[in-house]
Amino acid sequence: MADKIRVRFAPSPTGYLHVGGARTALFNWLFARHNGGDFVLRVEDTDTARNRDEFERGIFDGMRWLGLTWDEGPDISGAFGPYRQSERQALYRDAADKLRASGHVYECFCSDAEPETQSSETGTADRTAASCPCRALESAVRLERMAAGEPAALRMAVDPTRAITVVDLIRGDVTFPPGTVPDFVVVKRDGGALYNFAVVSDDHSMRITHVIRGEEHLANTPKQLLIYEALGWQPPSFAHIPIILNEQRRKLSKRDGATFVNDYETMGFLPQALVNFLALLGWSPGDNREILSIEEMIRDFTLAGVVKHPAIFDPAKLAWMNKEYMKGVAPADLARMVAALLPVLRPNAARTDAAHVARVTALLAERVHTIADIVEQGAYFFETDPPEPTPEALSKHCAAAETSERLTAVRDALATADDFNPAGVEAAIRGLAEAKGTKAATYIHPLRVALTGQAVSPGIFEVTSILGRDVALARIDALLHRLALTPAPRS
């Protein structure tokens, strides 16, 4: 083993990077950076039927967006490559030959010797029999069947009387009793290496010192330890991090937040907020701090701070955390982020010039939790067509018989206002109310429905000013037209 700490993240390109995988990558990355070690990215792409180049690109993009840069990997090479399993088949064949020579494996001719594909992401257990009759075949019989061209898998011969103890840096010693690890396949009949065998070969040849992964992989570790032992290799240290559950302590669903990291950017989250949130899913710096800079995470991260019990994914906490991070973003940068999301979330938006987007962003930033909230909640700012009023807004603020009269009056006041900045709009509306001997709210509420389609909104003076005189007057006209066509309610 190398003196320098080396860890790896090994996703399969059968899907995009999800939050569980991102949390695993983050813990490895923090451990490497805390200890001055190396973070290796390895692609486990042996599932050719499900691999897609776009998934690999998406995984890489998601990690870069989070700031999880790697020291070695498929795109930057390194001293211990190649970094795709599909390019490492010769290494697996050499290791398999060594297992044959030492007598730790035997040829298996059973028709069910093709276990379900095991991926590093799912941790699905091998579908193997508790015992295999091929283990009792005489050598001559095996040779004869192989000479006849009968395909054979390679199966590890496991001592059924032996207990296997995993020394885990998080969970302590975990012992698997005798008989719980059956003879298991390491090489398929077509010569392809299976997960447990390939990952041992990879971790050894890449000099990985610590394997930090999800607890669903704990059941794989005894098999891997047996392979290390059979090959005469020193195993790395293992640390299995807790599973992530929803608030009901059930498996995460997409509704709970088990979505792809790439989607969080579209959902308007800041990468530093998501990193902070993921870091606290199963780890604590040892105090009550919740907002941590990346420098603080690197400085304070240790495996001793990782808990054994499940981590709970709380979407409300993520939203709060993102809001806190948004407060630290410069207004100009925040406006640029809104502008970047507009064509994604509102492809038909017409009012997207930089100055307009900046004014909308400044108005809404303190009222929202994500950048996408600005785009969605401020949709009426980015469209030229009048918004469709909600039934609630119409019934609450436009049901009075005097509504059209009030809208006409406020329209005239806005049309003749000297200035159309917020102060000028306010002066026009309050002047109208004073002249009519009534409250300004009498005009403000129906005006809000005309301009935004909502019963509530940010300050109406700012909203009106940002929309501009022409748009505001056109929207008032549209609501007046709607009200004229709407039959009066029966008494």
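Start with the whole chain in view: of its 491 residues, 50% count as buried. The model is a predicted one. Colour by secondary structure, and 20 helices and eleven strands appear in the chain. Align the view to the principal axes, where the C-alpha atoms fill a box of roughly 110 × 45 × 40 Å. The radius of gyration is 32 Å, whereas a compact globule of 491 residues would have one near 23 Å. If you draw a contact map, take the contacts with a separation of 6 or more: residues 24 or more positions apart account for 77% of them.

**Stop one: β1, α1 and β2**

Select residues 6-9, which form strand β1. Arg6 and Arg8 point one way from this strand, while Val7 and Phe9 point the other way. In a regular strand the side chains alternate between the two faces of the sheet. All four of these β1 residues, the two arginines included, are buried.

Add residues 38-41, strand β2, which runs parallel to β1 and is joined to it by four bridges. One pairing to pick out is Val7, whose bridge partner in β2 is Phe39. Now show residues 19-34, helix α1: the chain crosses from β1 through this helix to β2, and the β-α-β crossover is right-handed. In β2 itself, Asp38 and Val40 point one way and Phe39 and Leu41 the other, and all are buried.

**Stop two: the nonpolar cores**

Keep Phe39 selected and add Met63, Phe313 and Ile429. These four touch the most other members of the largest nonpolar core, which has 103 residues. Helix α1 supplies the largest share of this core, nine residues.

Centre on Met63 and show its surroundings. Leaving out residues up to four places away in sequence, Met63 touches Phe9, Leu17, Ala25, Phe39, Leu41, Leu68 and Trp70. Phe9 belongs to β1, and Phe39 and Leu41 belong to β2.

Next select Tyr92, Met156, Ala193 and Val199. They are among the 36 residues of a second, separate core.

**Stop three: Arg155**

Move to residues 153-156, strand β4, which contains Arg155. Is Arg155 buried or exposed? Its relative accessible area is 2%, so Arg155 is buried. Show the backbone of Asp183 as well: the side chain of Arg155 reaches the backbone oxygen of that residue at 3.3 Å.

**Stop four: the loop between α2 and α3**

Select the loop between α2 (53-66) and α3 (89-102), and within it Gln85. Gln85 has a relative accessibility of 3% and therefore counts as buried. With neighbours within four places in sequence set aside, Gln85 is in contact with Val43, Glu44, Asp45, Thr46, Tyr92, Ala198, Val199 and Asp202. Two of these contacts, Tyr92 and Val199, are also included in the second core. Which residue shares a side-chain polar contact of 2.9 Å with Gln85? The partner is Asp202.

For a distance across the model, pick the C-alpha atoms of Gln85 and Leu394. They are separated by 62 Å, and the two residues lie 309 residues apart along the chain.

Stay in the loop between α2 and α3 and select Pro82, which is placed there. Check omega for the peptide bond from Gly81 to Pro82: the bond is cis, with the angle near 0°.

Ser77 is found in that loop between α2 and α3 too. Its phi is positive, about 65°, although Ser77 is not a glycine. Ser77 counts as partly exposed because its relative accessibility is 44%.

**Stop five: Arg249**

Finish in the loop between β10 (244-245) and α7 (261-266), where Arg249 is found. Here again, look at the backbone angles: phi of Arg249 is near 60°, a positive value in a residue other than glycine. Switch on the surface to see how accessible the residue is. With a relative accessibility of 52%, Arg249 counts as exposed, whereas Arg155 in β4 is buried at 2%.

Terms used: Residues numbered from 1 in each chain as written. Predicted model: local features only at pLDDT ≥ 70, side-chain atom pairs only at ≥ 80, totals over all residues. Heavy atoms only, no water. Buried < 20%, exposed > 50% of the residue type's maximum accessible area, 1.4 Å probe, protein only. Pairing = 2+ DSSP bridges. Right-handed = clockwise from strand over helix to strand, strands pointing away. Core = buried A, V, L, I, M, F, W, Y, C linked by side-chain atoms within 4.5 Å. Contact = heavy atoms within 4.5 Å. Polar contact = N/O pair within 3.5 Å; in protein donor to acceptor, adjacent residues only side chain to side chain. Rg over C-alpha atoms; globule rule 2.2 N^0.38 Å.
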